[in-house]
Amino acid sequence: MNVIKIIALAILGTVSLACESEKSTSSISHIKDTKTKQYAIEGKTLYEQNCSNCHQSDGTGLGRVIPPLAQADFMLEDQGRTARLIRYGIKGEITVNGVQYNQNMPANTQLTPIEIAQIMTYIYNVWGNDEGLVSASDVEKFLAD
């Protein structure tokens, strides 16, 4: 009887892990282009490591302290500015979706252009956005401006 319970729990655990894995990529499951999806998958991991602590895993930000990225007009207006913010950070007041924020964002100078491109591809293609691929060459151009 105990062996059957152990096997049943193992099967349930495997199914649960598979569902969790599917949930973790569900935000990018709508992406059809293979390269965009690949960038977004890598970008999700990088976002979780470098951005989600402040901007939250769902991109909603942190109240009136940290701005949202989900449906953020500030981000959607200018991809070049987004690339520069990721690389160099920002100090001073900004307005996102009509709300003012004045919390410094640290620079992420350790991120390479391809890593920034992957993060940007992720954030520009989740939370209701569908902006397509942001390439490493796009980021290099944005950072040179």
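With a relative accessibility of 10%, H55 counts as buried in this predicted model, since the cut-off for buried is under 20%. The residue belongs to helix α3, which covers residues 52–55. Its side chain doesn't sit there without a partner: the side chain of H55 reaches the backbone oxygen of P67 at 2.9 Å. P67 also turns up in the list of residues in contact with H55 once neighbours within four places in sequence are set aside, and that list reads Y47, T60, G61, I66, P67, L69 and M105.

Further along the chain, two helices pack against each other. These are α6, made of residues 113–123, and α7, made of residues 136–144. Their axes lie 8 Å apart and meet at an angle of about 105 degrees. Angles of 65 to 115 degrees count as roughly perpendicular, so that is how α6 and α7 are arranged relative to each other. On the α6 side, the contact is made by P113, I114, I116, A117 and M120. Helix α7 brings in A136, V139, E140, F142 and L143. Sorted by class, the residues of this contact come out as nine nonpolar, one charged and no polar.

As for how confident the prediction is, the protein chain averages a pLDDT of 87, and 82% of the residues score at least 70. Residues 12–26 are another story, with pLDDT below 50. Beyond near neighbours in sequence, that stretch has one contact in the model.

Notes: Residues are numbered from 1 along each chain as its sequence is written. This is a predicted model: local features need pLDDT of at least 70, side-chain atom pairs count only at pLDDT 80 or more; totals for chains, interfaces and linings use all residues. Side-chain values use heavy atoms; hydrogens and water are left out. pLDDT is the predictor's confidence in each residue, from 0 to 100. Contact means heavy atoms within 4.5 Å. Axes are lines fitted to C-alpha atoms, for helices over the stretch in contact, and angles run from 0 to 180 degrees between N-to-C directions. Helices (H or I, at least four residues) and strands (E, at least two) are DSSP runs, numbered from the N terminus. Angles under 35 degrees count as roughly parallel, over 145 as roughly antiparallel, 65 to 115 as roughly perpendicular and the rest as oblique. Ala, Val, Leu, Ile, Met, Phe, Trp, Tyr, Cys and Pro count as nonpolar, Asp, Glu, Lys and Arg as charged, and the others, Gly among them, as polar. Buried means under 20% relative accessible area, exposed over 50%, partly exposed in between (1.4 Å probe, protein chains only). A polar contact is a pair of N or O atoms within 3.5 Å; within protein, one must be able to donate a hydrogen and the other to accept it, and residues adjacent in sequence count only if both atoms are side-chain atoms.
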